[in-house]
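Colleague: Before I rely on any label attached to this model, I would like to hear how each one is earned.
Modeller: Then let us look at it together and set the values against the definitions.

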Amino acid sequence: MTNNKVVLVTRPDDDSTLNFLYHWTEDIITFAEKRGFTLLDLSGAKSNKKYLESYISKNNPGLILFNGHGTKDSILGYDEETIVKLHINDNVLINRIVYARSCESGKELGREGKAKAFIGYEWNFIFYYNQNNVSHPKKDKLAKRFLEPSNLVSTTLLKHKTVNEADTRSKKLMLKYYFEMMSSNGTYEEQKVASFLWSNIAGQRLYGNPEAHI
Amino acid sequence: MKYNVKQKLKINKKRDKNYEKQIRELVVARLSAIPRNLQMAVGAKQYTIEELMENVESQSSVGKQIIAMQMQYLKDLASGEINRKFDDKQ
């Protein structure tokens, strides 16, 4: 049995894409701590394979939230180190619920991996941002349209809802934002990049038991 | 006029190439409308709009993915799939 009061988060920060994910994950961490979860925060250089395997082995988290680059069969950590790879060390995911905010990892690691349930992306996870906000990721209103719905996957899971609900709520918010961005109320910038939000909606996949929850 | 198999294949190949070129031009045109103060985070990199357009034109790995995503979007938009999804989620 996993410990459903323990949540593990990875969030490397060694490029500007990861820096956005790093800062947007802070809301999830605050949310989890307020709800009394024990939070294992593998931030920055601590997002490596050694720490990941050690923390999982010692604390047995029920939920793992990955942020980072990915490939179809792996998730990367700091300095692009492969921290989970299908058929190599994917046993670290056994019986756990996983959300991987990383490109393509849903394709094989999600589909064929050992997680109890896995939400990830078949395609690249995409977001747009204003170049002027690189040092202030949380202030970027355009990035918010892309990253807030993905945060909703995590916060829904932290409310003990099922992975199916987490997936559905997130897609619902993406659709809401898509239509807002495309409407006359959307800014010019929003209207021009809204189609890429559709790519995240179409690419987000759920594997494993849809009724699983922590 | 009758064509032999070899000639038919040649004609089809030419048609496919023209089709692919038109699609690339369409995606580049869509990207060119995006304000230049924005950047896109995709995969392990960040791209300016000019870089995205170059990647589509050169048919790099990222360029091919952008083309696939945009074509999927346009198909889903034209087929009513996007509106259907919206209705389903209400």
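The exchange below goes through confidence, a helix, a sheet and two loop residues.

Colleague: What kind of model is this, and how are its parts numbered?
Modeller: It is a predicted model, in which local features need pLDDT of at least 70 and side-chain atom pairs count only at pLDDT 80 or more, while totals for chains, interfaces and linings use all residues. Residues are numbered from 1 along each chain as its sequence is written, with chains lettered from A and ligands numbered from 1 in the order in which they are written.

Colleague: How do you know where in chain B confidence is lowest and where it is highest?
Modeller: By pLDDT, the predictor's confidence in each residue, from 0 to 100, chain B averages 89, and 97% of its residues score at least 70. The mean is lowest, at 78, in helix 4 (residues 81-89) of chain B, and highest, at 97, in helix 2 (residues 49-57) of chain B; helices here are DSSP runs of H or I with at least four residues, and strands are runs of E with at least two, numbered from the N terminus. For the model, ipTM is 0.88 and pTM is 0.91.

Colleague: Why does the span of helix 5 of chain A agree with expectation?
Modeller: The expected span is 1.5 Å times one less than the number of residues, so the 18 residues of helix 5 (residues 141-158) of chain A should cover 26 Å, and the end C-alpha atoms lie 25 Å apart, which agrees.

Colleague: Where does helix 5 of chain A have a kink?
Modeller: The kink, of about 35°, is at Leu147(A), shortly before the proline Pro149(A); the bend is the angle between axes fitted to the seven residues ending at a residue and the seven starting there.

Colleague: What makes strand 4 and strand 6 of chain A edge strands?
Modeller: In the open sheet of three strands, order 4-5-6 in chain A with antiparallel pairing, strand 4 (70-71) and strand 6 (82-85) each pair on one side only. Pairing requires at least two bridges found by DSSP, and two bridges join strand 4 to strand 5 (residues 74-76) of chain A.

Colleague: Why is Glu80(A) called partly exposed, and why is His87(A) called exposed?
Modeller: A residue is buried with 20 or more other C-beta atoms within 10 Å of its own, exposed with 12 or fewer, and partly exposed in between, the C-beta atoms being placed from the backbone. Glu80(A) has 14 such neighbours and therefore counts as partly exposed, whereas His87(A) has 12 and therefore counts as exposed.
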